[in-house]
Amino acid sequence: MTALTRETIIERDANDPLARMRERFDLPDGMIYLDGNSLGALPHDTKDRIRQLIEDQWGLDLIKSWNVHDWYHMPLRCGAKLAPLVGAKANEVVCADSTSVNLFKLLAAALANRPDRKVIVSERGNFPTDLYIAEGLTGLLDKGHEIRLIDDDSELADAIRDDVAVVMLTHVDYRSGRMHDMEAVTKQAHDAGALMLWDLAHSAGAVPLDLDGAGADLAVGCGYKYLNGGPGAPAFLFVAERLQDSIRPPLSGWMSHSAPFDFDWKYAPAEGIARNLCGTPPLLSLAALEASLDTMADVDMALVREKSLALGDLFITLVESRCAGHGFTLVSPRDATRASQVSFAHPDGYPIMQALIAGHVVGDFRAPDILRFGFTPLYTRYVDVWDAVDVLHGIMESGSWDQPVFHERAAVT
Ligand SMILES: *Cc1c(COP(=O)(O)O)cnc(C)c1O
């Protein structure tokens with residue numbers, strides 16, 4: 001193996017087949033951005049697309065735009081563009097609402113689909129909104145549903161019994177970056193007669209996915225993380241084609257109707273994936289998401305995956321060698337069950353992350369003690385990894401992280 005120096009690392013960037021992708025994004029000078037897993041960077045084309053929608057379409061064509069600029073089909077069109085990134089057919093994905101709202105819709109649909117079963121299986125370590133939504137929904141239904149939480153994968157087989165309606169898991173753990181085996185777990189759910197609902201918040205755009213190949217039933221995911229759709233971007237949802245007509249939308253807004261512009265007083269759900277829409281979509285936000293999906297359209301996810309693991313491996317090697325003895329414990333897998341982030345636990349994680357951010361290395365902190373670094377192969381370079389660890393090393397050696405200002409908690413961590 002070649003020695004690790006800044007020079008050999010720069011050579012890796014020169015040989016990186018994805019290097020040119022970075023030019024398609026706006027990144028502030030001097031900032032090393034390792035938080036694309038929370039809020040993806042801004043694609044150049046997004047600004048122009050938003051300007052067009054505001055000035056040329058809204059400004060000039062006003063309401064005619066629904067037809068002449070085809071605003072009406074934007075949620076379905078974005079879904080079709082997103083579908084290849086998650087291994088789905090174009091008619092199985094739609095972009096709408098937030099991840100939380102989509103979870104509510106699909107979880108409700110799943111429970112209605114398995115009326116004789118009363119259990120939702122999930123993980124205690126799941127992202128909190130997923131569990132909050134399940135709790136809110138079961139309370140609303142008031143039909144004696146139970147949420148059965150596991151603490152470890154080894155408990156999964158025992159938890160998925162014949163009383164389970166749906167297994168709801170997040171594919172990539174938001175703290176550790178550990179990835180479930182989608183195909184194996186989906187099979188476990190199906191063998192017990194349950195439906196499988198995947199949350200792809202930290203997977204879509206980060207790792208190659210094959211929802212159809214794995215036989216998944218339902219999925220949701222986030223537009224503003226690795227999909228770079230912009231702050232608060234619309235989320236997406238997936239319903240396998242074979243299930244689409246047996247899903248009864250719990251939020252039966254007019255955009256889910258078979259003929260919204262008939263203005264019939266009686267509800268009739270649309271055919272196919274469209275019945276999972278609810279109301280009028282946020283066009284500005286959708287336009288930003290669409291611009292980003294177009295930016296990513298020709299990206300080879302196998303190359304993304306390969307580089308993402310290489311960036312993460314390099315980061316782990318450098319932190320463990322250069323910051324040895326400073327109390328960092330790796331909490332992400334070392335092997336290929338790691339998705340596109342690397343997390344280290346440290347008892348002083350919060351002030352250390354604040355000191356890093358002040359040093360222009362942006363990651364984030366997740367309670368209680370996790371420093372989280374997202375690697376986004378489309379715009380993160382190998383040299384960024386080297387420089388980030390250099391800053392971390394400086395902060396730890398000098399003890400500069402331990403200043404009162406870095407201990408103050410902000411509203412968003
Ligand atoms: C980020 C994330 C969400 C976000 O949900 P919002 O409704 O967009 O706030 C949901 N689930 C998981 C697993 C996440 O990581």
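Helices here are DSSP runs of H or I with at least four residues, numbered from the N terminus. With that settled, here's a look around this predicted model, starting with its largest pocket.

**The pocket**

Helix 12 is the top contributor to the lining of the largest pocket, giving four residues. Helix 12 covers 349–358, and it has company: helix 5 (99–113), helix 6 (128–141) and strand 14 (364–366) also supply at least two lining residues each. The space inside comes to about 440 Å³. In total, 31 residues line the largest pocket, and those closest to its centre are Ser38, Asp364, Arg366, Arg372 and Val412. As for chemistry, the lining is a mix of 14 nonpolar, ten polar and seven charged residues.

**The ligand**

So what takes up the space of the largest pocket? The ligand does. Around the ligand you'll find Ser98, Thr99, Ser100, Phe127, Thr129, Asp130, Thr170, Asp199, Ala201, His202, Tyr224 and Lys225. Helix 5 and helix 6 turn up again here, each supplying at least two residues of this shell. The shell divides into three nonpolar, six polar and three charged residues.

Three side chains are worth pulling out for their distances to polar atoms of the ligand:

| Residue (side-chain polar atom) | Ligand atom | Distance |
|---|---|---|
| Aspartate 130 | nitrogen | 3.1 Å |
| Aspartate 199 | nitrogen | 2.9 Å |
| Tyrosine 224 | oxygen | 2.7 Å |

How much of the ligand's own surface does the protein bury? On its own the ligand exposes 390 Å², and the protein buries 87% of that.

**Two backbone oddities**

Most residues other than glycine have a negative phi, and most peptide bonds are trans. A couple of spots in this chain go the other way.

One is the peptide bond running from alanine 367 to proline 368, which is cis, with omega near 5°. Proline 368 sits in the loop that links strand 14 to strand 15 (370–374). Strand 14 is the one already met as a supplier of at least two residues to the pocket lining.

The other is aspartate 142, which isn't a glycine yet has a positive phi of about 55°. Where does aspartate 142 sit? Look in the loop between helix 6 and strand 6 (146–150). Helix 6, for its part, provides at least two residues of the pocket lining and at least two of the shell around the ligand.

Methods. Residues numbered from 1 in each chain as written. Predicted model: local features only at pLDDT ≥ 70, side-chain atom pairs only at ≥ 80, totals over all residues. Heavy atoms only, no water. 1 Å grid on protein atoms, 1.4 Å probe; cavity = no way out; pocket = protein on both sides within 12 Å on 5 of 7 lines; lining within 4 Å. Points joined across faces, edges and corners; volume = space filled by probe spheres on them. Nonpolar A, V, L, I, M, F, W, Y, C, P; charged D, E, K, R; others polar. Near = heavy atom within 4 Å. Polar contact = N/O pair within 3.5 Å; in protein donor to acceptor, adjacent residues only side chain to side chain. Areas by Shrake-Rupley, 256 points an atom, 1.4 Å probe, with all protein chains shown as cover. Sits in = over half its atoms within 2 Å of the grid points.
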